[in-house]
Amino acid sequence: MNALLRHKYATTAIIWALLLTVPAWLPVFGGYTALAGRVLVFGLAAMSFNLLLGFTGIMSFGHAAYFGLGAYGCGLFLKYVSASTPLAMLAGTLLGGIAGTLFGLLLVRRRGVYFAMVTIAFGQVCFYIAYKWDDFTGGYDGLRGFARAALDFGAFKIDIANNSTAFYFFILAVFGGAAVLQALLLKSPFGRSMLAIRENERRARFLGLPIEKHIWLSFSISCFFTALAGSLYALLNNFADPLGLNYIMSGNIVMITVMGGMRAFWGPLIGAVLFVALQDYVSSMTTNWMFFVGLTFVCVVLFFPRGLMGMFQKGART
Amino acid sequence: MVANIGSILSGRRSLLKGAAVVGGLQVASPFIIKARGETPVKLGMVDPITGSLSALAVTEVEGAKWTVEQINKTGGILGRPVELLIEDSANDTGTGVQKTHKLIERDNVDAIIGDVNSGIAYAMMGVTKEKGILHIVPGGHTDPITGTDCAWNTFRTCNTTAMDTSAITGELVKRFGKKWFFITPDYAYGKTLQSNFVKKLQALGGEFQGDMLPIATSDFSATLIKAKAYKPDVLLNNMGGSAQINCMKQFLQFGMGKEMALGGALFEIESVRSVPKEAQAGWWCMEWYWNTPGVPAVKTFVDAISPVIGKKPTARHWMAYVSIHAVRLAAEKAKSLKGIDMARALADLELPPEVSLMPGKIRYRAGDHQLMSNIHIGQMHPSEGDPDNLFTIAATVTGEEAAGSVESTGCKMVYPA
């Protein structure tokens, strides 16, 4: 096993050890389990977005659309169809994922700023539908009147509705499953072709890779995972908010990814830790907290261009 | 080995890592300190200190801080000092909910107060009810909070939109006419407000047009052109905070002040202070006013708080003052800080005049937990004599009269077994 691989495994082991022991150590630092849940949700959204940005080299400014659709799909299912948490998550994931897949067909031939602009436009379309369809979505006030339900396994139940620690571990399990799937995807031949497209699209095309199809697939997979994060967000808050579909949320997802490190698998999770902690802690100290979030982002971009995780990666040393 | 350590210490990357760790400790350390001691009674306040409603929220926070100071000077709550923990919801529902979780789960607050934004207050109710914490909404007006979605743990200090519209509609029709144009924010508060206005107006045989606009709208030109073309008797500006101020300024720039009367449910003093003198006009509801004649307790309150805040208190100071005293009174009557005990104690509890700062029997009605406070109807004008003398009371409607019956609100209050 070479040093790089050892470093990788050690990083993964440390991250999992920290995540699994959150309820034990977070309160010592003034945290609370809902905050850790929020970190995981934003971390998953950013890691999913990073499949596109960090590993395929395509920039989307509208990923909040799929995040928000995931949240609304989950909330609407719980409110109008059935009080089943897993089915609601499936509904949210399918809604956001399928919307992204269909929309992806329209934009695979766009590149750069055009791609980014079209993704913003689609995000805003989703935002205004949620905002205006008051009777169904709750409009600007968001969708309320639903709550996550306990997981019923027949012989036993897990009360994620009232037990915040149980709910944290539920989010962690979903996050873990998604992270494993993403890691396997990146290790697969398809994952390698994503990297090839990122490094040199023209060369990849000359090698015979179906570029458009691969970008579409990457976009689609990224949207499914982002929608899964969105459905968890709805369960975390017990409501879905139209601002979750807004371009500001898309900007936050980009910011989290860049701060954490878009070339590192765990980078976006580290970015989520920093972003959520800054938002939560600094806003308790000063009303100018957004200044500090912005300043941190600028500092990271200037001094750690590969993000915080990139700084700790041996491979990142140039 | 020594060389290795030297190279590690001297590396730029190591220096940055060290800086990051030290920086992180700076952020982390205050929270360890915060966790000490559980003796004070903790009140958590969530308000949009940043965002388009910040002027109103800042005043509420100012009122809350002053009230807590006063309570601490007179023995606190149940003999314990009171600690006020303030969180910024940033006028964003998700952040508001997150901060409510934070105050309850991390800080173990005994009661929650907030939010100015009705939509956020509404969403916060989900968390406070789930956690069984007493929740006082000082200034979120949308009806369902104490109407169709009322909850055993939630009490509201400010009026409902139905109360405000019921109090002022007749006055506006009587003085100016029945053809109205609405400019309304497109969220819970605005929608219930306009729908209540429309109900009352149509009952009086009136007609209307209007626009629903995003809560943080800054350009009203298209809507004002539409209003000008409609030639209404009254333009109802239902926007709030900075949006209402921008709307008033543009209303003046369009020269519409001479063509139609201006009015609405609320034009709060915080907003009135921010508009040009010409826009300090119109007929409005005032939920509490510092210059209320015939109530000695008001003068005592105004004399005590004014030197501290450097101006006369507004309705938002009053809302925070009443809300925090309501927690105190509930805790003292229940001799407990449990949400359920305090909620039962506060229902129908008549507030003493030095707390209600109003004439009459003021109470949080048991049927819907809505404060039955009086509503002043009057005219806004540029300052006369005192720089804060911006409003003249023309009539006062009692809360009971404006609110109607509990049944009409749609609230079915259910306490946990």
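Helices and strands here are DSSP runs, numbered from the N terminus. The model is predicted.

**Exercise 1. Place His369(B) and decide whether it is buried or exposed.**

Step 1. Find the residue. His369(B) sits in the loop between α14 (353-356) and β11 (375-380) of chain B.

Step 2. Check the backbone. Its phi is near 65°, a positive value in a residue other than glycine. Most residues other than glycine have a negative phi.

Step 3. Apply the cut-off. A residue is buried if 20 or more other C-beta atoms lie within 10 Å of its own. His369(B) has 26 such atoms, so it is buried.

**Exercise 2. Do the same for Asn108(B): is it buried or exposed?**

Step 1. Asn108(B) lies in the loop between α4 (93-106) and β3 of chain B.

Step 2. Phi of Asn108(B) is positive, about 55°, although the residue is not a glycine.

Step 3. The cut-off for exposed is 12 or fewer neighbours. Asn108(B) has 12 C-beta neighbours inside 10 Å, so it counts as exposed.

**Exercise 3. Describe the peptide bond from Gly114(B) to Asp115(B).**

Step 1. Locate it. Asp115(B) belongs to the loop between β3 and α5 (118-131) of chain B.

Step 2. Read omega. The value is near 15°, and the bond is cis. Most peptide bonds are trans.

**Exercise 4. Work out how the strands of the open sheet in chain B are arranged.**

Step 1. Write the order. Five strands run β2-β1-β3-β4-β5, with parallel pairing.

Step 2. Mark the edges. These are β2 (82-88) and β5 (154-156) of chain B, each pairing on one side only.

Step 3. Add the twist. It averages 20° from one strand to the next.

Step 4. Look at one pair. Three bridges join β4 (residues 134-137) of chain B to β5(B). His135(B) stands opposite Thr154(B) in β5(B).

Step 5. Add the helix. Helix α12 (residues 315-334) of chain B packs on the sheet and touches β1 (41-47), β3 (111-113), β4 and β5 of chain B. Its direction makes about 150° with that of β4(B).

**Exercise 5. Classify the packing of α3(A) and α13(A).**

Step 1. Take the geometry. The angle is about 135°, and the axes are 8 Å apart.

Step 2. Compare with the cut-offs. Angles over 145 degrees count as roughly antiparallel, and 65 to 115 as roughly perpendicular. The two helices are therefore oblique to each other.

Step 3. Give the hand. The crossing of α3(A) and α13(A) is right-handed.

Step 4. Sort the contact residues. They divide into eleven nonpolar, three polar and two charged.

Notes. Residues are numbered from 1 along each chain as its sequence is written. Chains are lettered from A and ligands numbered from 1 in the order in which they are written. This is a predicted model: local features need pLDDT of at least 70, side-chain atom pairs count only at pLDDT 80 or more; totals for chains, interfaces and linings use all residues. Axes are lines fitted to C-alpha atoms, for helices over the stretch in contact, and angles run from 0 to 180 degrees between N-to-C directions. Helices (H or I, at least four residues) and strands (E, at least two) are DSSP runs, numbered from the N terminus. Angles under 35 degrees count as roughly parallel, over 145 as roughly antiparallel, 65 to 115 as roughly perpendicular and the rest as oblique. A crossing is left-handed if the near helix is turned anticlockwise from the far one by less than a right angle, and right-handed if clockwise. Ala, Val, Leu, Ile, Met, Phe, Trp, Tyr, Cys and Pro count as nonpolar, Asp, Glu, Lys and Arg as charged, and the others, Gly among them, as polar. Two strands pair if DSSP finds at least two bridges between them. Two residues are in contact if their C-beta atoms, placed from the backbone, lie within 7 Å.
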